[in-house]
Amino acid sequence: MNKSIHQSLFFLFLLLLQVIVLNNINFLGYINPYLYIVFVFLYPLKENKFPLLFYSFILGLSIDFFSDSGGIHAFSTLFIAYIRLFFIKVYFRKTPLDYPFFKLKDESFGKVFNFTITLTIIHHLIYFSFANFSFQNLSIVFLNTLFSCIFTLILFFLGTYIFTKKE
Amino acid sequence: MQQIIYFFQKFKYFLFFLLLEFIALFFTFNNLNFHKSKYVNSANRITGSLNASLSNFSEYIELKSKNELLSEENTKLRNQLEKNRLVPSKDSTITDSTKYRQKYTFTQAKIINNNYSKQFNFLTINKGKSADIGSEMAVINSLGIIGITENTSENYTRVQSILNKNSKINARLKGNSRYFGTLKWNSNDYNTVQLHDIPRQAPLKIGDTVETGGKSTIFPEGIPIGRISKINQGNTTNSELEVQLFNDMSNLRYVYIVKNLHKIEIQSLENISNE
């Protein structure tokens, strides 16, 4: 029970953080971090995949509502939520038996880095391709993806560094 | 039958995933269409009120500069008023222009959400159906044009910014020559827009002013837009101009919504001639 409250608070926190603060950064005019995808990274592994797919869709759609982008955030967030399990198997070599004990902060930095950078690049690439919505200006899409990825990952690793308790 | 159930059992996650992706795509494609984007937009009650309270907060910081802008505009309007008083009426018949020949009404509104860094940009303003705002009305401020209203809810309206790849606005050169073209945006820089379809023979100079032409039913005539900053004359009959906007689109607060009272009359007339 405690965990689900924690999850929904985390959901709300990420949504408000993205909408109120991060969407308005516009570093150098157009670079914004999309930190809300951290929800997909940190959502606990479960045998049942429906909740993660559904919640990430809702999170993306809520951000779409605030930033007038149709369903682009929902599409890209849902996509990385679906392929997340595949990359967990590839990078961390987990079997379904390990799922309840899996925690991202217990894994080594290199593996976590590979995992997050893959998902972030996929998410941002889909997002910016749809936001551009044409085959012109492809260089802008790639540049935006690169810069926003760097920004998002810096914020993610700073955040995990600050908020994890030291033993 | 069992085969089908087995199929659903096996691929339930993938099917659920596909279903949600299709919903997201549906919203995305609808959002790109000017007249259909009624599902996902920031002009609803929840997002509208959150954006409104946020803008209330940030407004406080900008009070000083906005006051200066307002007083500048007041001076300009006062000067125009004085000019009108000086000219004695030549005709003996005086028409009360405020009552019978009025073509536009202006409504003041505040921008509560502003995008300018994407390819399809929208603004949200804090007036809606309750203030008699409908779709396809012009949004301007004292410096120039800003966009066209699109979706309205009870208290909020979404505005398609001129910084939107779908935006097409009739514009012309200010001065003696009245060559007109279409104003579009190529999504590169939020300070410049492009003026297309200006005939080759039009005399052009860098620094010339571009304003709205009175050929659409949305924008009034002669609203300033910007200055020509670059002229691309290729091997075509038309030239494409880069126009530096007067407005800083990243720093907007108060706007006017212009309602054309003769819009239905003009449109009905034009539809007859088309048939």
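Before I turn to the two chains, one definition: two residues are in contact here if their C-beta atoms, placed from the backbone, lie within 7 Å. The model I am showing is a predicted one, and with that in mind we can start where the chains meet, since 26 residues of chain B are in contact with 26 residues of chain A.

On the chain B side of that meeting, the elements that give two or more residues are α2, residues 12–32, and α3, residues 45–61. Of these, α2 of chain B gives the most, with 14 residues. If we sort the residues on this side by class, we find 13 nonpolar, 10 polar and three charged.

Let me take chain A next. Chain A has six helices and zero strands, so that is a chain whose pattern, read along the sequence, is α-α-α-α-α-α. Its radius of gyration is 16 Å, close to the 15 Å that the globule rule gives for 167 residues, and therefore chain A is as compact as a globular protein of that length. Along its principal axes the C-alpha trace of chain A spans about 45 × 30 × 30 Å. Of the 167 residues in this chain, 34% count as buried, and among its contacts between residues at least 6 apart in sequence, 63% join residues at least 24 apart.

Within chain A, I would like to dwell on helix α3, which runs over residues 50–67. Its 18 residues, at 1.5 Å a residue, should span 26 Å, and because the end C-alpha atoms are in fact 26 Å apart, the expected and computed values agree. This helix is mostly covered, with 13 of its 18 residues buried. Just after α3 of chain A comes A:Asp68, which takes a positive phi of about 55 degrees.

Chain B is built otherwise, with five helices and 12 strands. Here 31% of the 275 residues count as buried, and residues 24 or more positions apart account for 59% of the contacts with a separation of 6 or more.

Now to the interior. In soluble globular proteins, nonpolar side chains tend to be buried together. The largest nonpolar core in this model has 41 residues, and those with the most contacts inside it are B:Ile145 and B:Val255. Apart from that core lies another, of 36 residues, among them A:Val38, A:Phe39, A:Leu61 and A:Phe65. Returning to B:Val255, and leaving aside its neighbours within four places in sequence, its contacts include B:Ala109, B:Ile111, B:Ile125 and B:Val139.

What does B:Ile257 touch, not counting residues up to four places away in sequence? B:Ile257, which is found in strand β12, residues 254–260 of chain B, touches B:Thr107, B:Ala109, B:Lys127, B:Ile133, B:Met137, B:Val139 and B:Thr149. B:Ile257 counts as buried because 23 other C-beta atoms lie within 10 Å, where the cut-off for buried is 20 or more.

Finally, two backbone details in chain B. Most residues other than glycine have a negative phi. B:Glu136, however, has a positive phi of about 60 degrees although it is not a glycine; B:Glu136 sits in the loop between β2 and β3, and with 16 C-beta neighbours inside 10 Å it counts as partly exposed. B:Asp197, also not a glycine, has a positive phi of about 65 degrees, but its place is in strand β8, residues 192–199, and B:Asp197 is partly exposed, with 15 other C-beta atoms within 10 Å.

Key
Residues numbered from 1 in each chain as written. Chains lettered and ligands numbered in written order. Predicted model: local features only at pLDDT ≥ 70, side-chain atom pairs only at ≥ 80, totals over all residues. Helix = DSSP H or I, 4+ residues; strand = E, 2+ residues; numbered from the N terminus. Expected span 1.5 Å × (residues − 1). Buried ≥ 20, exposed ≤ 12 C-beta atoms within 10 Å, placed from the backbone. Core = buried A, V, L, I, M, F, W, Y, C linked by C-beta atoms within 7 Å. Nonpolar A, V, L, I, M, F, W, Y, C, P; charged D, E, K, R; others polar. Rg over C-alpha atoms; globule rule 2.2 N^0.38 Å.
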